[in-house]
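Open the model in your viewer and keep the selection box at hand. The tour goes stop by stop: select, look, move on.

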Amino acid sequence: MKTVKVLGSGCRKCKKTADLIRVVAAQLDIDIELIKETDASTIMAYGVMSTPAVVVDEKVVSSGYIPQPGDIRRWLVP
Amino acid sequence: MLQIFTHLANWLTYDLLGLQADTRLGIALHFFVEDVSKIFALLIVMIYVIALLRASLNVERVRDFLAGKHRGMGYFLGSVFGAVTPFCSCSSIPVFLGFTSAGIPVGITMAFLLTSPLINEVAVLLLLSLLGWKFTLLYITVGMAVGILGGRFLDAIRAERWLQSFAAKALESAHQDAYKSATGYTAATERLSYLDRHRFARNETLEIFLRVWKWVILGVGLGACLHGFVPDGWIETHLGAGQWWSVPAAVLLGIPLYSNATGVIPVMESLIVNGLPVGTTMAFCMSTVAASFPEFILLKQVMQWRLLVTVFFMLLVAFTIIGWTLNALSPYL
């Protein structure tokens, strides 16, 4: 099972990103663990400077924008 | 070209609703329709075009550029990049930490973060079209001065003492081992295709427009009321440059109000047109834009109370001084 983290301070864009990932995962029928990471020092540890950022299995895959459903599909399907 | 909005307002107010051009309601409504339609059109076109151009500028690039720059130049550059780099205010904290862990001094980082909400290209273009180039230049100068001098001041009082401990540690360790840009994620630096740029610009336009439209309505609505219902000269007599307390009062009033620069400019226009002194208007608007509680609560994550309160008072004092100075100088402007 993939672990997906959404990094961000909890702003509107971050919530949208998390919701979108949940929807796409459900469409693809993939089980994921979705974690919202809001702690500043943890976000810093990933070296991310613009939020929302998405981390899939500990790898940063996007930062600074709400991803497109196509992006998310690519991250979730190996 | 902008005449089309006057025609629209003429048609709607006088022809369709049958109001008279010399009644208060007629004047107010005409002003409202003309300004709202003009500002909405300008906003949508300008945000899109500018976003297309600046799509490839991001905070990661700015960080790499600022790291290791000479201090004196650093404040200035920090402020310039704060003005032109697009980033959502909800990213202030990661940006602060990203800069800090690259060893960039707190003052330079704050020059970036303080200037950023005050000046952005959309605001500048809106100012140009509503209030003319002189006022625009004044606004930019003052906004950048706040960032640069504020940054210098924070370094002078050694603000880094009052960071939260993990942020202070990050700054220190960055000074020990020379900065490596290989700290985790580096944003994609490949060239953006036209489609990427369009996507970015479309999202920006939508995002910014949805955030500011209500402020435009509110600002212009306020202006329209002043325009139609408050007698000419009333503001000048009662809130003019002669009343010294009106500037600090304007700054304090601006704190609980929160808007971004784009939304506050229509308010600014209506206040100035109705005779509020330039300095008082500027102090009020900058306080609305730059000193906001939500932002400060976010900053609490990386700063101790002492620093937070210092920054807050620094801004209040700065805006008040700006207001008084500009009011005193306004006969010569």
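Two residues are in contact here if their C-beta atoms, placed from the backbone, lie within 7 Å. Keep that cut-off in mind at each stop. Remember too that this is a predicted model.

**Stop 1: the first helix pair of chain B**

Select residues 3–16 of chain B, helix α1, and residues 24–54 of chain B, helix α2. Which residues meet here? From α1(B), take B:Phe5, B:Thr6, B:Leu8, B:Ala9, B:Leu12 and B:Thr13. From α2(B), take B:Gly26, B:Leu29, B:His30, B:Val33, B:Glu34, B:Ser37 and B:Lys38. By class, this contact divides into 6 nonpolar, 5 polar and 2 charged residues.

Now turn to the geometry. Two packed helices are described by the angle between their axes and the distance between the axes. The axes of α1(B) and α2(B) come within 8 Å and cross at roughly 140°. An angle over 145 degrees would count as roughly antiparallel. The pair α1(B) and α2(B) is therefore oblique. Its crossing is right-handed.

**Stop 2: chain B as a whole**

Zoom out and colour chain B by secondary structure. You will find 15 helices and 0 strands. Along its principal axes, the C-alpha trace of chain B spans about 75 × 50 × 35 Å. How does the radius of gyration of chain B, 22 Å, fit a compact globule of 333 residues? Such a globule would have a value near 20 Å, so the 22 Å of chain B agrees.

**Stop 3: α11 and α13 of chain B**

Select residues 246–254 of chain B, helix α11. Add residues 278–290 of chain B, helix α13. The axes of α11(B) and α13(B) are 7 Å apart, and the helices pack at an angle of about 20°. That angle is why α11(B) and α13(B) count as roughly parallel. α11(B) passes α13(B) in a right-handed crossing.

Show the side chains next:

- On α11(B), the contact is made by B:Ser246, B:Val247, B:Ala250, B:Val251, B:Leu253 and B:Gly254.
- On α13(B), it is made by B:Gly279, B:Thr280, B:Ala283, B:Phe284, B:Ser287 and B:Thr288.

The contact of α11(B) with α13(B) has 6 nonpolar, 6 polar and no charged residues.

**Stop 4: α13 and α15 of chain B**

Keep α13(B) and add residues 305–329 of chain B, helix α15. The axes of α13(B) and α15(B) come within 7 Å and cross at roughly 160°. These two helices are therefore roughly antiparallel. The crossing of α13(B) past α15(B) is right-handed.

From α13(B), the residues in this contact include B:Val278, B:Met282, B:Met286 and B:Ala290. Facing them from α15(B) are residues including B:Leu315, B:Phe319, B:Ile322, B:Trp324 and B:Leu326. The contact of α13(B) with α15(B) has 10 nonpolar, 7 polar and no charged residues.

**Stop 5: where chain A touches chain B**

Show both chains. Here 18 residues of chain A are in contact with 24 residues of chain B. Two elements give two or more residues to the chain A side: α2 (40–45) and β4 (59–63) of chain A. Which of the elements gives the largest share? The largest share, 4 residues, comes from α2(A). The chain A side divides into 9 nonpolar, 8 polar and 1 charged residues.

**Stop 6: two backbone details in chain A**

Most residues other than glycine have a negative phi, and most peptide bonds are trans. Select A:Asp29, in the loop between α1 (12–28) and β2 (32–37) of chain A. Its phi is near 60°, a positive value. Next, select A:Pro52, in the loop between α2 and β3 of chain A. The peptide bond from A:Thr51 to A:Pro52 is cis, with omega near 0°.

**Last stop: confidence**

Colour by pLDDT. Chain A has a mean of 87, and 100% of its residues reach 70 or more. Within chain A, confidence is lowest in α2(A), at a mean of 83, and highest in strand β3 (residues 53–56), at 91.

Chain B has a mean of 81, with 90% of its residues at 70 or more. Among the elements of chain B, helix α10 (residues 234–239) has the lowest mean, 71, and α15(B) the highest, 92. Select residues 178–189 of chain B, where pLDDT is below 50. Where pLDDT is low, the predicted coordinates should not be read in detail. The model scores ipTM 0.77 and pTM 0.79.

Conventions: Residues numbered from 1 in each chain as written. Chains lettered and ligands numbered in written order. Predicted model: local features only at pLDDT ≥ 70, side-chain atom pairs only at ≥ 80, totals over all residues. Axes fitted to C-alpha atoms, helices over the stretch in contact; angles between N-to-C directions. Parallel < 35°, antiparallel > 145°, perpendicular 65-115°, else oblique. Left-handed = near helix turned anticlockwise from the far one by under 90°. Nonpolar A, V, L, I, M, F, W, Y, C, P; charged D, E, K, R; others polar. pLDDT = per-residue confidence, 0-100. Rg over C-alpha atoms; globule rule 2.2 N^0.38 Å.
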